[in-house]
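Subject: The structure I promised you

Hi,

Here is the structure for you to open and turn around on your screen. Have a look first, then read on for what turned up in it.

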Amino acid sequence: MEKFIIEGGYKLEGEVQISGSKNASLPIIAASIMGEGKTVLHNVPDLKDVQTMLKILNYMGAKTKFENNTLEIDPSGIYQFTAPYEFVSTMRGSICLLGPLVAKYKTARFSMPGGCVIGPRPIDLHIKGLKELGVEIENEEGYILAKGDKLKGNIIFLGGNFGSSVLATANIMCAASLAEGETIIEFAACEPEIVDLANFLKKMGAKIYGEGSHMIRIEGVKKLKGTEYSVIPDRIEAGTYILAGYITRSKIKVNRVNSLHLLSLFDKIKEAGLKISFADKYVETIPEDRWKAVEITTLPFPGFPTDLQAQMMSFLTLAEGVSLITEKVFPERFIHVGELNRLGADITLDGSKAIIKGVKSLKGAKVMASDLRASAALVLAGLAAEGITEISRIYHLDRGYENFEKKLNSIGAKIKRVKEES
């Protein structure tokens with residue numbers, strides 16, 4: 001395994017380019033198998049999760065070619081419809097293949113994803129929605145067996161205990177695109193990644209209306225065609241770099257970003273007493289030496305994203321006063337708290353709430369990454385900390401950040417990737 005060694009305390013300066021969205025790419029790659037003919041996708045990030053998805057498609061018989069962030073997918077050779085445990089267990093997001101498989105090939109055998117370090121992530125809404133489209137589903141030795149000889153449109157309510165589900169919405173939207181008749185998804189996810197998937201499906205020939213709202217209407221069509229499409233920028237990656245600028249008290253420019261996707265982050269930055277400059281496709285940080293504590297509640301889009309909660313917590317460790325973060329999407333998503341405290345933060349937990357008492361400075365230490373966004377939070381803290389921070393298990397970062405340390409080093413960070421001693 002590898003680790004990061006971060007020499008903290010350096011100012012950042014310059015520009016960084018945001019890659020394509022991981023959370024948009026995965027459902028779009030999955031949906032591409034529904035098309036007749038080849039699909040070409042641009043702005044696809046070269047990430048471990050994307051590579052895992054391609055391994056599954058290649059295992060099924062698809063032909064893929066991935067170079068310079070352009071991905072070609074030819075599904076014509078797909079001959080088996082199983083997503084095995086060894087792939088699914090490393091990436092829960094692969095569940096977004098379930099809907100496209102059943103829609104196009106009428107059958108799917110999918111490994112149950114299993115547990116997750118950030119808390120329970122059940123797939124009950126996926127199963128419920130597909131059943132209401134006429135899919136027969138059974139469990140067998142840890143696998144979901146799905147058969148849908150004739151999918152029929154329906155009115156489907158997709159609300160869960162923690163709100164809407166992005167991947168369940170993606171699965172149902174894909175399956176409904178090839179179902180007979182009209183489907184209405186109530187309490188659909190509104191995330192930009194769902195809008196991007198809808199735009200991709202429409203370019204393939206689907207008839208979808210209302211994406212970006214809680215009610216999506218789909219008129220089923222008989223077939224979809226392969227197409228060419230460019231994935232949206234990654235709003236979570238962009239938010240991470242923006243917070244890197246502020247926590248290091250640095251002026252940086254973040255390019256290739258859709259600012260409308262990050263208004264909830266901008267609002268909290270302003271509430272902390274800081275200024276931010278943004279246009280349609282770039283953001284500039286305007287740093288100050290100190291900032292104020294704020295209260296944050298994570299919510300589905302357009303609320304504050306759970307995927308920026310850990311990074312925001314790092315930023316708030318240095319705020320003046322006491323901040324409060326309430327996690328309403330994944331209430332147990334606080335494993336990073338103990339590691340931030342090792343760096344000198346003062347954070348206590350009360351159920352789904354984190355109470356952050358601002359400190360004057362952080363100190364470098366050895367810490368361990370637990371999941372993708374927690375890893376990014378530790379990097380931000382390490383950039384701001386005095387001395388050397390060592391972060392182990394950084395393989396989590398490679399799942400969701402393309403060239404993370406290279407991009408940060410290009411604007412003045414001091415990060416080395418080294419092999420851990422056995």
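Let's start with one pair of residues: A108 stands opposite A146, which sits in strand β10. The strands here, like the helices, are DSSP runs numbered from the N terminus (E and at least two residues for a strand, H or I and at least four for a helix).

Before going further, some ground rules. This is a predicted model, where local features need pLDDT of at least 70 and side-chain atom pairs count only at pLDDT 80 or more, while totals for chains, interfaces and linings use all residues. Residues are numbered from 1 along each chain as its sequence is written, and side-chain values use heavy atoms, with hydrogens and water left out.

**A sheet around β8 and β10**

A108 and A146 belong to the pairing of β8 with β10, two strands that run antiparallel and are joined by 5 bridges. Two strands count as paired if DSSP finds at least two bridges between them.

Which order do the strands of this sheet follow? The order is β7-β8-β10-β9, in an open sheet of 4 strands with mixed pairing. At the edges are β7 (82-83) and β9 (136-140), and each of them pairs on one side only. On the β9 side, 5 bridges tie β9 to β10 (residues 143-147) in an antiparallel fashion, and E136 has K147 of β10 as its bridge partner. Helix α4 (residues 98-105) packs on this sheet, where it touches β8 (107-111) and β10. The direction of α4 makes about 160° with that of β8. Touching here means contact, that is, heavy atoms within 4.5 Å. For the angles, axes are lines fitted to C-alpha atoms (for helices, over the stretch in contact), and the angle between N-to-C directions runs from 0 to 180 degrees.

At the other edge, β7 and β8 pair in the parallel sense over 2 bridges, and T82 faces R109 of β8.

**A sheet with β2 at one edge**

There is also an open sheet of 4 strands with the order β2-β17-β19-β18 and mixed pairing. Its edge strands are β2 (13-17) and β18 (275-278), each pairing on one side only. From one strand to the next, the twist averages 15°.

Strand β18 runs antiparallel to β19 (residues 282-286), with 4 bridges between them, and K275 has I286 in β19 as its bridge partner. Two helices go with this sheet. Helix α8 (residues 235-247) lies across β2, β17, β18 and β19, at about 20° to β19. Helix α9 packs on the sheet too, touching β18 and β19, and its direction makes about 150° with that of β18.

**A nonpolar patch**

Now rotate to L260, in the loop between β17 (251-255) and α9 (263-271). Is L260 buried or exposed? L260 counts as exposed, because its relative accessibility is 61%. The cut-offs are under 20% relative accessible area for buried and over 50% for exposed, with partly exposed in between (1.4 Å probe, protein chains only).

Together with L263 and F278, L260 forms a nonpolar patch on the surface, with about 290 Å² of accessible area in total. Patches are made of residues with over 30% relative accessible area and no salt bridge, joining nonpolar side chains (Val, Leu, Ile, Met, Phe, Trp, Tyr) within 5 Å and like charges within 9 Å. The areas come from the Shrake-Rupley method with a 1.4 Å probe, and for residues only the protein chains shown count as cover.

**Salt bridges**

How many salt bridges does a search of the whole structure find? It finds 17, a salt bridge being a side-chain nitrogen of Lys or Arg within 4 Å of a carboxyl oxygen of Asp or Glu.

One of them joins the side chains of R417 and E2, at 2.9 Å from N to O. R417 is in strand β26 (residues 415-419) and E2 in strand β1 (residues 2-7), 415 residues apart, so this pair links distant parts of the chain. R417 is partly exposed at 27% relative accessibility, and E2 is partly exposed as well, at 28%.

Another is R217 with E182, at 3.0 Å from N to O. Here R217 is in strand β14 (residues 215-219) and E182 in strand β12 (residues 182-186), 35 residues apart.

Cheers
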